Amino acid sequence: MSTVTAKTELADVAFAAPDKERLSQLLVGQDRPPRPSALSASVTFGWRAMLKIKHVPEQLFDVTAFPIMLVLMYTYLFGGALAGSTQEYIQFLLPGIMVMSVVMITMYTGIAVNTDIAKGVFDRFRTLPIWRPAPMVGYLLGDVLRYLLASAVMLAVGMIIGFRPAGGVLGVLAGVALLVVFSFAFSWIWTMFGLLLRSEKSVMGVSMMVIFPLTFLSNVFVDPKTMPGWLQAFVNNSPVTHLATAVRELMEGNWPATAIAWTLGWSGVLLVVFGVVTMRLYNRK
């Protein structure tokens with residue numbers, strides 16, 4: 001039976017006579033499209049996240065205007081007091097402030113997940129014959145573009161006001177790649193909160209309570225050697241400190257094996273722990 005003939009006969013049965021048995025036979029006889037692979041489904045949901053940015057470009061404010069404001073504000077407010085000149089401080093600050101900004105951006109993943117749940121969109125996703133984690137992974141893949149854009153904006157501003165990475169293009173690319181890997185893993189924390197909490201305001205509030213202490217109590221702005229001993233113990237073992245150190249050293253042309261290993265280790269732990277918890281919550285939602 002040709003496709004056209006089958007469709008015509010299906011329409012006749014569906015809209016003419018209430019022959020449920022015949023309709024069932026025709027539906028079973030149709031060729032079903034192949035089930036999408038895990039990668040294909042994830043990329044499709046990632047493209048959906050980017051299309052949302054296309055239709056609501058104001059979402060890019062936090063990866064364009066906000067990073068520019070942070071770089072300029074901290075450089076010119078604290079540069080002279082902490083390093084003697086803004087020219088010297090920007091060399092230390094920019095990799096750290098880039099880490100801080102991108103890590104803060106990760107919380108919007110959880111907000112987007114929570115918004116889709118409130119609108120009932122996730123109920124539709126659950127009925128699709130796709131790899132179950134695909135919607136979550138798609139959100140995170142879409143946000144990778146936001147991380148890259150924020151990094152590019154901050155690097156451009158830094159170069160304009162005097163940042164000169166001794167590691168060259170390769171050092172910068174390696175630092176940004178490590179930052180994106182960590183941010184992808186760190187975002188799973190917020191997908192968990194997006195599923196767990198009732199409103200997007202709650203997700204944002206909890207995210208701020210976690211992100212602000214974690215980013216400010218680090219070596220993003222100053223060397224931990226200037227801090228009290230009890231605070232150094234926390235700061236030196238913070239995942240943000242390890243990440244900022246690794247990114248800073250890579251951009252300086254060094255190879256900080258210990259800091260890179262710590263960062264990748266933290267990324268693996270975050271991905272495994274919060275990825276598993278997120279998917280259990282998603283399956284029970």
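## Contacts and overall fold

In this predicted model, residues 24 or more positions apart account for 75% of the contacts that have a separation of 6 or more in the chain. The secondary structure that carries these contacts consists of 13 helices and 0 strands, and the pattern read along the sequence is accordingly α-α-α-α-α-α-α-α-α-α-α-α-α.

Of the 285 residues in the chain, 44% are buried. The accessible surface of the chain comes to about 14900 Å², and carbon and sulfur atoms hold 68% of that area.

## The nonpolar cores

The largest nonpolar core has 51 residues, and within it Ile 97 and Phe 186 touch the most other members. At least two residues of this core come from each of helix H4 (65–83), helix H5 (86–105), helix H8 (134–161), helix H9 (168–196), helix H10 (200–216), helix H12 (239–251) and helix H13 (257–284). Once residues up to four places away in sequence are set aside, Phe 186 touches Val 103, Thr 106, Ile 211, Leu 214 and Leu 270.

A second core, separate from the one just described, has 17 residues, among them Phe 122, Ile 130, Val 137 and Trp 188.

## Thr 278 and Trp 188

Trp 188, a member of that second core, is also a partner of Thr 278, a residue of helix H13. The backbone oxygen of Trp 188 lies 3.4 Å from a polar atom of the Thr 278 side chain. With a relative accessibility of 0%, Thr 278 counts as buried, because the limit for a buried residue is under 20%.

When neighbours within four places in sequence are left aside, the residues in contact with Thr 278 are Met 136, Trp 188, Thr 191, Met 192 and Leu 195.

## Salt bridges

The count of salt bridges comes to 2. In one of them, the side chains of Arg 48 and Asp 116 meet at 3.0 Å, N to O. Arg 48 belongs to helix H3 (residues 38–55) and Asp 116 to helix H6 (residues 107–119), so this pair ties together parts that are 68 residues apart in sequence. The two partners are not covered alike: Arg 48 is partly exposed, at a relative accessible area of 23%, whereas Asp 116 is buried, at 3%.

The side chains of Arg 146 and Asp 143 also meet in a salt bridge, here at 3.7 Å, N to O. These two residues are 3 residues apart in helix H8, and they are therefore separated by about one helical turn. Both Arg 146 and Asp 143 are buried.

## Helix H4, its surface patch and Tyr 89

A nonpolar patch on the surface is formed by Met 69, Met 73, Leu 77, Phe 78 and Leu 82, which together have about 460 Å² of accessible area. Leu 77, one of these residues, is placed in helix H4, and its relative accessibility of 54% makes it count as exposed, because the limit for that class is over 50%.

Tyr 89, in helix H5, is buried, with a relative accessibility of 3%. Leaving aside neighbours within four places in sequence, Tyr 89 is in contact with Tyr 74, Thr 75, Phe 78, Gly 79, Leu 82, Ala 83 and Phe 221; of these partners, Phe 78 and Leu 82 are also members of the surface patch. The C-alpha atoms of Tyr 89 and Gly 79 are separated by 5.1 Å, although the two residues are 10 residues apart along the chain.

## Arg 126 and His 242

Arg 126 is found in helix H7 (residues 121–126) and is partly exposed, with a relative accessible area of 27%. Its C-alpha atom is separated by 8.6 Å from that of Asn 283, a residue 157 residues apart from Arg 126 along the chain.

His 242 has its place in helix H12, and with a relative accessible area of 9% His 242 is buried. Not counting residues up to four places away in sequence, His 242 touches Asn 236, Asn 237, Ala 259, Trp 262, Thr 263 and Trp 266.

Technical notes
Residues numbered from 1 in each chain as written. Predicted model: local features only at pLDDT ≥ 70, side-chain atom pairs only at ≥ 80, totals over all residues. Heavy atoms only, no water. Core = buried A, V, L, I, M, F, W, Y, C linked by side-chain atoms within 4.5 Å. Buried < 20%, exposed > 50% of the residue type's maximum accessible area, 1.4 Å probe, protein only. Helix = DSSP H or I, 4+ residues; strand = E, 2+ residues; numbered from the N terminus. Contact = heavy atoms within 4.5 Å. Patch = residues over 30% accessible without salt bridge, like charges linked within 9 Å, V, L, I, M, F, W, Y side chains within 5 Å. Areas by Shrake-Rupley, 256 points an atom, 1.4 Å probe, with all protein chains shown as cover. Salt bridge = Lys/Arg side-chain N within 4 Å of Asp/Glu carboxyl O. Polar contact = N/O pair within 3.5 Å; in protein donor to acceptor, adjacent residues only side chain to side chain.
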